[in-house]
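Me: I would like to work through this fold step by step, with each answer reasoned out from the model. Could we take the sheet, the domains, the core and the unusual backbone sites in turn?

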Amino acid sequence: MSKILVVGGAGYIGSHMVKQLSKSGRIVVVLDNLTTGFRDAARNGQLVIGDLADTALLERLFKEHEFSGVMHFAAASLVGESVQDPGKYYRNNVSNTLNLLDVMVRHCVKHFIFSSTAATFGEPEYVPIDEQHPQRPINPYGASKLMVERILQDYHAAHGLNSVCLRYFNASGADPEGELGECHDPETHLIPLILRAASERREYITVFGRDYPTEDGTCVRDYIHIEDLCSAHALALDALVKGDKQGALAYNLGNGQGYSVQQVINAVERVVAKDGRTLKVEEGRRRAGDPAILVADSRLIRYDLGWEPQYGDLECIISHAWAWEKGNE
Ligand code: UFG
């Protein structure tokens, strides 16, 4: 039976991936240092607690298990923090990824799926953003992810490592079965913050700026359901393992539909009203570094890998996240 290593499998995206992989019959080993992940979230895999900086641990892990592929979700991912502490981002996201790639090369593990980000594009020159769009990141977080994209091209040329980078737009929602969900500390993402305001874990939600050049003046983003995001990873890994795809590939991953902050708030209001809940909204200033509109053109991954999102509807994404939030109030 195929055995997959999921690095960062105790985090938000990684834990959903571990569940999806194990449901499809894979044996999953999770490597996570639990700095931002949760032991319990990794329950669908075999958890090894450890850090990618620990090369001796990596060596032992790859000696003990024969992995058919590796998925890498472990990264620091706060844009603001990356500006304050770039060293953390280059060490965690670049240097530690090199440790992982080198151990893969030493053990002839040739299939790698990498969590990249829309932040590699920087301020968009046009939307929707396709794979041809110039990549000019405007913060160390985006730069660190772009560096790995580049490294993967060189590792393919030098070592025959096949990889797929998936550039996420706004990962959101929760496990439709209600077992897993989103929990960051600090939480900075829009949907969980609005839901906390609806659940009384927060007093209100602040809208970061209403003076953007968009229809209602608030920022527009492309929210993709976590299950759809994970199904893209599974397809990408399958394509590499079967040999349908080779090289260092990259796809943009979103629904291709933009929603403004105000539209998200409206949708949350509709969902939580069913439970008699309301929301308090406050006005705030723009948050530094937020582009007005980020929407993915994901036609390439649909065409190349046959990916089809199942949960494209915003209210569906929010309902799943709300069900989980209610269970954790
Ligand atoms: N927002 C608010 N109020 C809040 C939180 C967010 O108005 O309390 C707004 C933001 O200004 C933004 C939108 O809601 O316009 C979405 O913000 P998120 O923080 O949820 O998501 P981002 O679009 O900023 O971030 C995502 C990923 C990052 C990635 C970034 C750029 O989560 O990892 O896209 O690609 F770096």
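The exchange below concerns a predicted model and goes from the sheet to single residues.

Me: Which strands stand at the edges of the open sheet, each with a single partner strand?

Reply: Seven strands make up the open sheet, paired in the parallel sense and ordered S3-S2-S1-S4-S5-S6-S11. Each of the two edge strands has a single partner, so one side of each is left without a neighbour in the sheet. The strands in that position are S3 (46-49) and S11 (248-253).

Me: Which residue in S3 does Val30 stand opposite?

Reply: Strand S2, which covers residues 27-32, pairs with S3 in the parallel sense over four bridges. Within that pairing, the residue of S3 that stands opposite Val30 is Leu47.

Me: What angle does the direction of helix H7 make with that of S6?

Reply: Helix H7 (residues 226-242) packs on the sheet, where it touches strand S4 (69-72), strand S5 (111-117), strand S6 (162-168) and S11. The direction of H7, compared with that of S6, makes an angle of about 165 degrees.

Me: Which element supplies the largest share of the side of domain 1 that touches domain 2?

Reply: The chain is divided into domain 1 (3-172 + 224-253) and domain 2 (190-221 + 256-327), and their C-alpha centres lie 25 Å apart. The contact takes 26 residues from domain 1 and 21 residues from domain 2. On the side of domain 1, strand S7 (170-172), strand S10 (223-225), H7 and S11 each supply at least two residues. The largest share there, seven residues, comes from H7.

Me: Where does the largest nonpolar core lie with respect to domain 1 and domain 2?

Reply: The largest nonpolar core has 100 residues, and those with the most contacts inside it are Val6, Ile194, Leu253 and Val268. Helix H7 gives the most to this core, with eight residues. Because domain 1 and domain 2 both give residues to this core, its place is between them.

Me: Which residues does Val268 touch, not counting residues up to four places away in sequence?

Reply: Val268 is one of the residues with the most contacts inside the largest nonpolar core. Leaving aside residues up to four places away in sequence, the residues that Val268 touches are Ile194, Leu195, Ala198, Leu279 and Ile318.

Me: Which residue does a cis peptide bond join to Asp185?

Reply: Most peptide bonds are trans. A cis bond nevertheless joins Val127 and Pro128, with omega of about -5 degrees, and Pro128 has its place in the loop between S5 and helix H5 (140-159). Another cis bond, with omega of about 5 degrees, involves Asp185, and its partner lies in the loop between S7 and helix H6 (190-198). The residue joined to Asp185 is Pro186.

Me: Is Cys108 buried or exposed?

Reply: Although Cys108 is not a glycine, its phi is positive, about 55 degrees, and the residue lies in the loop between helix H4 (86-106) and S5. A residue counts as exposed if 12 or fewer other C-beta atoms lie within 10 Å of its own. Cys108 has 11 C-beta neighbours inside 10 Å, so this residue counts as exposed.

Me: How many other C-beta atoms does Leu34 have within 10 Å?

Reply: Leu34 is not a glycine, yet has a positive phi of about 60 degrees, and Leu34 lies in the loop between S2 and S3. Leu34 is partly exposed, and the number of other C-beta atoms within 10 Å is 15.

How values were computed: Residues numbered from 1 in each chain as written. Predicted model: local features only at pLDDT ≥ 70, side-chain atom pairs only at ≥ 80, totals over all residues. Pairing = 2+ DSSP bridges. Contact = placed C-beta atoms within 7 Å. Axes fitted to C-alpha atoms, helices over the stretch in contact; angles between N-to-C directions. Domains from an automatic or database assignment. Core = buried A, V, L, I, M, F, W, Y, C linked by C-beta atoms within 7 Å. Buried ≥ 20, exposed ≤ 12 C-beta atoms within 10 Å, placed from the backbone.
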